[in-house]
Amino acid sequence: INGFTITNPLGSFGIYAQGRNNTTVKYNIITDIGNSTSGSAPSYGVAIEMGAANISNVDILHNCISNIRGGANTALTGAAAKANNGSGGGIGVGFSGANFDVSNLTISGNRISAVTASTNDFAEGGKGAYGVIVNVGASVGAVGKAISPLIQSNDITDLEGLWAHGIGLEGETPGASVLNNFIDDLTDHKGNTDAIGVLIEDNAGAGTIGIHDNSFTKMALGIKNNMPALVDAMCNWYGGTNAATV
């Protein structure tokens, strides 16, 4: 899928593929996705979902993805809102219930901005805003993995939700490389505790991840690792957008 301009203001996806090998999504403008008034599901600029077998060779390259709004039904409150509202994501690969693997996954050179989700309390349907989330097999009992994904040279800015994660490695990602990404301006509504450049959780492969040469500015935490294994995260920039403002 190459060179399209795609909008979907009342739907959940700009581009969606399930169980597909040899998928290339590049040089597209994907904008105005998701219904934040009466929607009821997560919204993604690009969503790659696992099917009933392993997949390989997925490339998401040089797309401009913006104005992605997690589904939120403002008429619902309490448990109904919690069950029906959805997060917003620029690029999502997974998802958490997957029992198969993806290999040769590359997410590179994308510009992702203006991703939002409900900022209500969690009990009232608050959800997360993501730049890139890879959460293959994150649910209890699921066994899928993203094997050695490469996430590099992406520009991720202006995310806001109850929580906001620039890059989420939130399922098993053995051998993942997160390199040369610029992540800026993440806003959470948990008292500036859950705006995170790279989050690692539910990830048995954490000890094999490399996170290098990234820039993290205007957020609560550059990298947060919720796993017991140490993560190799040397040579990253944390602080202001220039040395004078650190």
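In what sense do strand E4 (residues 29–33) and strand E7 (residues 64–69) pair, and over how many bridges? The two strands pair in the parallel sense, over 4 bridges. This report concerns a predicted model, and the values below are computed from it.

**Sheet architecture**

Strands E4 and E7 are part of an open sheet of 8 strands, whose order is E1-E4-E7-E10-E14-E17-E20-E22 and whose pairing is parallel. At the edges lie strand E1 (5–8) and strand E22 (237–239), each of which pairs on one side only. From one strand to the next, the twist averages 10°. Within the E4 and E7 pairing, Ile29 has Cys64 in E7 as its bridge partner. In general, the strands of a sheet pair through backbone hydrogen bonds, in either a parallel or an antiparallel manner.

Strand E6 (residues 55–61) takes part in two further parallel pairings. One is with strand E3 (residues 23–26), joined to E6 by 4 bridges; here Thr24 has Asp59 in E6 as its bridge partner. The other is with strand E9 (residues 102–108), joined to E6 by 6 bridges; in this case Ile60 is matched with Ile107 in E9. Strand E6 is also mostly covered, since 5 of its 7 residues are buried.

**Aromatic pairs**

The model holds 5 aromatic pairs. One of them joins Phe13 and Tyr16 in a tilted arrangement, with 4.8 Å centre to centre and 35° between the planes. Phe13 also pairs with Tyr44: the ring centres are 6.5 Å apart and the planes stand at 10°, so this pair is stacked. The assignment follows because planes under 30 degrees apart count as stacked. The stacked pair links distant parts of the chain, with Phe13 in strand E2 (residues 13–18) and Tyr44 in strand E5 (residues 43–49), 31 residues apart. Ring pairs link Phe13, Tyr16, Tyr44 and Phe95 into a cluster.

The table gives the relative accessibility of three aromatic residues and two cysteines.

| Residue | Relative accessible area | Class |
|---|---|---|
| Phe13 | 28% | partly exposed |
| Tyr16 | 38% | partly exposed |
| Tyr44 | 9% | buried |
| Cys64 | 39% | partly exposed |
| Cys235 | 59% | exposed |

Is Tyr44 buried or exposed? At 9% relative accessibility, Tyr44 counts as buried, because the class requires a value under 20%. Its stacked partner Phe13, at 28%, is partly exposed.

**Cysteines**

How many disulfides does the structure hold? The number is 0. Cys64, the bridge partner of Ile29, is partly exposed at 39%, whereas Cys235 is exposed at 59%.

**Nonpolar cores**

The largest nonpolar core comprises 46 residues, and those with the most contacts inside it are Val93 and Val134. With neighbours within four places in sequence left aside, Val134 is in contact with Val93, Leu105, Ile107, Ala146, Ile151, Gly168, Leu169, Glu170, Gly171 and Thr173. One of these contacts, Ile107, is also the bridge partner of Ile60 in the pairing of E6 with E9. Apart from this core lies another, of 7 residues, among them Ala47, Phe95, Ile133 and Trp163. Phe95 thereby appears in this core and also in the cluster of ring pairs with Phe13, Tyr16 and Tyr44. As a general tendency in soluble globular proteins, nonpolar side chains are buried together.

How values were computed:
Residues are numbered from 1 along each chain as its sequence is written. This is a predicted model: local features need pLDDT of at least 70, side-chain atom pairs count only at pLDDT 80 or more; totals for chains, interfaces and linings use all residues. Side-chain values use heavy atoms; hydrogens and water are left out. Rings of Phe, Tyr and Trp (its six-membered ring) pair if their centres lie within 6.5 Å; planes under 30 degrees apart count as stacked, over 60 as edge-to-face and the rest as tilted. Buried means under 20% relative accessible area, exposed over 50%, partly exposed in between (1.4 Å probe, protein chains only). Two strands pair if DSSP finds at least two bridges between them. Axes are lines fitted to C-alpha atoms, for helices over the stretch in contact, and angles run from 0 to 180 degrees between N-to-C directions. A disulfide is a pair of cysteine sulfur atoms within 2.5 Å. A nonpolar core is a set of buried Ala, Val, Leu, Ile, Met, Phe, Trp, Tyr and Cys residues joined through side-chain atoms within 4.5 Å. Contact means heavy atoms within 4.5 Å.
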